Structures are given as C-alpha cells and as structure tokens.
Amino acid sequence: MQVDVCFLVTEHPFLDARIFKKEAKSLVARGYRVTMIVPRINGYLFDIDGGRFTESFLEPTFYHEGVKIITYEQIFFEKNIKTLDHNLQSKKTHRFIDMLTQLGIEQNADIYHAHEFCSLYSGVIIKRTLLLEGKSCKLIYDSHELDPDPLIEQPIQVLKIKNRMLKIMVKEIDYLITVSESIKEWHLSLNASLPVEIIYNSPPLAHEYVPKRRSNSELTIVYEGTLGKKRGSFDKFIQMLELANKQRTIHAKIIGGWKKTNYDVELPDLTNISEYIQFTGWLDLNCIPEAMKDVDIGWIDLDAKHSLNNDFAMPNKFFSYLNNGIPVLVNQCKDMMEFIQTYNCGYVVPKKRATAEDYAEALVSLANNKLDKMSYKARGIMEAMFSWEHMENRLRKVYEQLTNDF
C-alpha cells in the first residue's frame, strides 16, 4: 500500500532544510508519496535567504526532487484568530475555509504533517472535514518551536486565544514531533497521552570530517544562520571580537547573513576588525562542512530571559557545529545548556542574557586542550546518536506506527 503524505506549511520556505531537504526527501526515499502545500509571497516562492524565485518554480504546481509542490498565496491567519478559535470550539468548518485548508482537503491524503501553529489549525479542520466525508486520516504536528510563547511581547488576548486553541488542537493530533525535551514536556502537559518523538534539527553526518589541529595563539569562531535584530546580534558579535582580540587573536567566519529583505540595515563600524572577519554568504547544506574545516568554536546567542522559545531552543546551527567537531559557545538556554553539560561538547556562559564582554572573556579563557576534548565529544555524539541518519530512523518509526493503523 502506497501512503499519501501531505505537508502543510504556512511560514517556512519550501526548500527549508528540515521540512524539504530532510523530512520530505527521506519519506520519498522510503516509498511515501509526498505533497507539500507551501506559501508564495506576491506570486513568488521564497528562498531560505529571503530572496524570491522570480525565474524558476513559477508554476502553481510542480515536482521537485520527487516531491509534489502545490503553492498558494500566503495567508495571515492571525488576522482571523478569533474566527479560527470559534471554528475549533464549535466543530464547524465553513466560517473560514482558507486556501491552505481547501488544498489540503483536495489531496485526500492518509497522513497530514503540519509544521506551524497555523498550519496545525488547517490540519485539524482538514481531518474533521475528511472524517465527515467518511475518510480517516492521521495528523502529525511538527512543532519546530514553542507557539504561543508566553514570555514574548504580544497582546494578552491573542495569547489567551492561542493557548485555548492549542489545548483543543493537541487533543486531535495523532503524533507530536518536536525539537527539544522542554517543548515535548510543554505539549505533554496539555495532553499526557500524546505520542511524541524528538527529531533534532541535525544535518547528515559530515563524512569527510578531519580533526583540526589548533594554533596555540589563534582561534576561529563561526556563526551560521540569519543575522538580524531577533537572531544573531551582529553588533554584539563585533563587540565580542574587538574585545577578545585585545588579548588573543580571534578570527571569525559568518556562514549565512542578512535576509535579502533586510540588506538595508545599518551595519556597525568594521574598521578595526574587518581583517578578522570572513563572510561566506548563504551556502547549500552540503557545502557547510567544507566551510567549517578551519573553525574552532561555534557561537549561539539567544535572549532566554524574554522568550521561552529561546530558552527551549535546539537550533540547526547547534547540531551543524557539533557535526563538524566544533564545540558550542552559548549563553544559558535551558535545553542547549543541559545537552552541553551531559555530553561535554561546549561552554555555557551562565547568563540568560549574555553581553559581548561575557563572550569575549570566555573566548580568551578557553584553552586548546579543553577545546580538543570538547571537539572529540561533539563529533562522537553526532556519529553515535544525533546525525540526521539517526533522526531519519526516528522519523521512519513514527510513520510506520501511524501507517500500521490503516
């Protein structure tokens, strides 16, 4: 029996590393027929760097690397949050049938796999509608992050509505996939009987990895991902480099950068530090190991004081660093801190909000022999337990469990 799977997406780019490159392609390789319903912005699909595909992927429906892609114009669900809440509570579906939900119903799939809070809403409505038509299907919620986050600044009424919606929706899903222990526990507090699997945002194992020989006097620190006001504070990164270089030579590499929609941001003055920074730009997932061969330590900075989502985060870059034998330097975020303490694969600055001075002090104090041990541990745990090959096996078991019920 060939099983039809439909991914529901409201926010992520269709080539997202977790959704398309790992999960969808892994399922296709195992014989599942996978469709992704993904958003356009003003008629165009968007890339991971925020740019638009204006000369390719223009058809409303097409196949890419074995995955069927169906597109729709992006919907701002939260403008209709009260209606969505009413639909969930009343068990009615006709008041706000959005395009994502309509397209999802048309697929008549066996398993729906939702990737955000709002796509989960569509998944629940799709499941209810198909059941009324005599079709039974399964619904997975792939919670990449905690939503709603009770600590971020938002209208109290919106938070109350979203919390009420989540309590209803978690009782209608058949499996929860998530990215950290804390997010898992958060959802289990709402539905203790919910089957859950943690699938970390891990890359495929870098097979050409070679342990690095470190210089006694110099270090190279890497930042992978988006730079902006909410993530990857570039100002703090530059201040950290300037302070640390007064005592020890620290080079920096930035893999990624600003979203194309944010290139007009005002950059800090790089006059005193430009010779120490290398920008690679956005790289394909398969090219990252090569770019990290000369790196000693990876940097992650999140405000864990004003966001539970940050406190619970286990981001892509965390495992990308470990995959390449690179210890992680991070501030006190609960799940990353506990992971680092368990596996001795990095250094935690003991502050929910760390300063450039805090990070610079840590960089100056990190001895090479410590980094060598952390590097060995980092690579070892990825090989043994946490590379995508291991996560793919977890994904396979989730799907096998669901398909056994058909």
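Is Phe57 buried, exposed or partly exposed? Select Phe57 and have a look before reading on. The model in your viewer is a predicted one, and this tour walks through it stop by stop.

**Stop 1: two residues with positive phi**

Phe57 counts as partly exposed, because its relative accessibility is 22% and the buried class ends under 20%. You will find Phe57 in the loop between strand S2 (33-40) and strand S3 (61-64). Check its backbone while you are there: phi is near 55°, a positive value in a residue other than glycine.

Now select Glu65, in the loop between S3 and strand S4 (67-73). Glu65 is not a glycine either, yet has a positive phi of about 50°. Its relative accessibility is 45%, so Glu65 counts as partly exposed.

**Stop 2: strands S1, S5 and S6**

Next, show strand S5 (residues 111-114) together with strand S1 (residues 4-8) and strand S6 (residues 138-143). S1 and S5 run parallel and are joined by four bridges. On the other pairing, four bridges also join S5 to S6, and these strands run parallel too.

To see the register, pick out a few partners:

- Cys6 stands opposite Tyr112 in S5.
- His113 has Ile140 as its bridge partner in S6.
- Ala114 stands opposite Tyr141 in S6.

Now turn the view to look at the two faces. In a regular strand the side chains alternate between the two faces of the sheet. In S5, Ile111 and His113 are on one side and Tyr112 and Ala114 on the other, and all are buried. What about S6: which residues sit on each side? Lys138, Ile140 and Asp142 are on one side, with Leu139, Tyr141 and Ser143 on the other, and all are buried. That makes six of the six residues of S6 buried.

Follow the chain onward from S6 into the loop that leads to helix H5 (156-169), where Pro148 is found. Select Asp147 along with Pro148: a cis peptide bond joins them, with omega about 5°.

**Stop 3: helix H4**

Select residues 117-132, which make up helix H4. You can try a distance here: at 1.5 Å a residue, its 16 residues should span 22 Å, and the end C-alpha atoms are 23 Å apart, which agrees. Add the surroundings to the view, since 14 of the 16 residues of H4 are buried, so the helix is largely enclosed by the rest of the structure. Just after H4, look for Gly134, which takes a positive phi of about 90°.

**Stop 4: helix H10**

How many of the eight residues of helix H10 (residues 316-323) are buried? Seven are, so H10 is largely enclosed by the rest of the structure. Highlight Lys317, Phe318, Phe319, Ser320, Tyr321, Leu322 and Asn323 to see the buried ones. Then bring up what they pack against: strands S9 (218-227), S12 (297-300) and S13 (328-331), and helices H8 (288-291), H11 (334-343) and H13 (368-386). Just after H10 comes Gly325, with a positive phi of about 65°. Keep Gly325 selected for the next stop.

**Stop 5: Ser375 and Arg214**

Ser375 lies in helix H13 and is buried, with a relative accessible area of 6%. Leaving aside its neighbours within four places in sequence, Ser375 is in contact with Tyr209, Arg214, Gly325 and Pro327.

Move on to Arg214, in the loop between strand S8 (196-198) and S9. Arg214 is buried too, with a relative accessible area of 14%. Not counting residues up to four places away in sequence, Arg214 touches Asp296, Gly325, Pro327, Asn368, Leu371, Asp372 and Ser375. For a distance across this part of the view, select Ala362: its C-alpha atom and that of Arg214 are separated by 17 Å, although the residues are 148 apart along the chain.

**Stop 6: the second largest pocket**

Finish by selecting Lys21, Lys22, Lys25, Leu285 and Asn286, which lie nearest the centre of the second largest pocket among its 15 lining residues. The volume of this pocket is about 270 Å³. Which helix gives the most to the lining? H1 does, with five residues. Show H1 (17-29) alongside helix H14 (388-403), as each supplies at least two residues of the lining. Colour the lining by class and you should find five nonpolar, three polar and seven charged residues.

Note on methods:
Residues are numbered from 1 along each chain as its sequence is written. This is a predicted model: local features need pLDDT of at least 70, side-chain atom pairs count only at pLDDT 80 or more; totals for chains, interfaces and linings use all residues. Side-chain values use heavy atoms; hydrogens and water are left out. Buried means under 20% relative accessible area, exposed over 50%, partly exposed in between (1.4 Å probe, protein chains only). Contact means heavy atoms within 4.5 Å. The expected span of a helix is 1.5 Å times one less than its number of residues. On a 1 Å grid over the protein atoms alone, a cavity is a set of points where a 1.4 Å probe fits but cannot get out, and a pocket is an open set with protein on both sides within 12 Å along at least five of seven lines; lining residues have an atom within 4 Å of a point. Grid points are joined across faces, edges and corners, and a volume is the space filled by probe spheres set on the points. Ala, Val, Leu, Ile, Met, Phe, Trp, Tyr, Cys and Pro count as nonpolar, Asp, Glu, Lys and Arg as charged, and the others, Gly among them, as polar. Two strands pair if DSSP finds at least two bridges between them.
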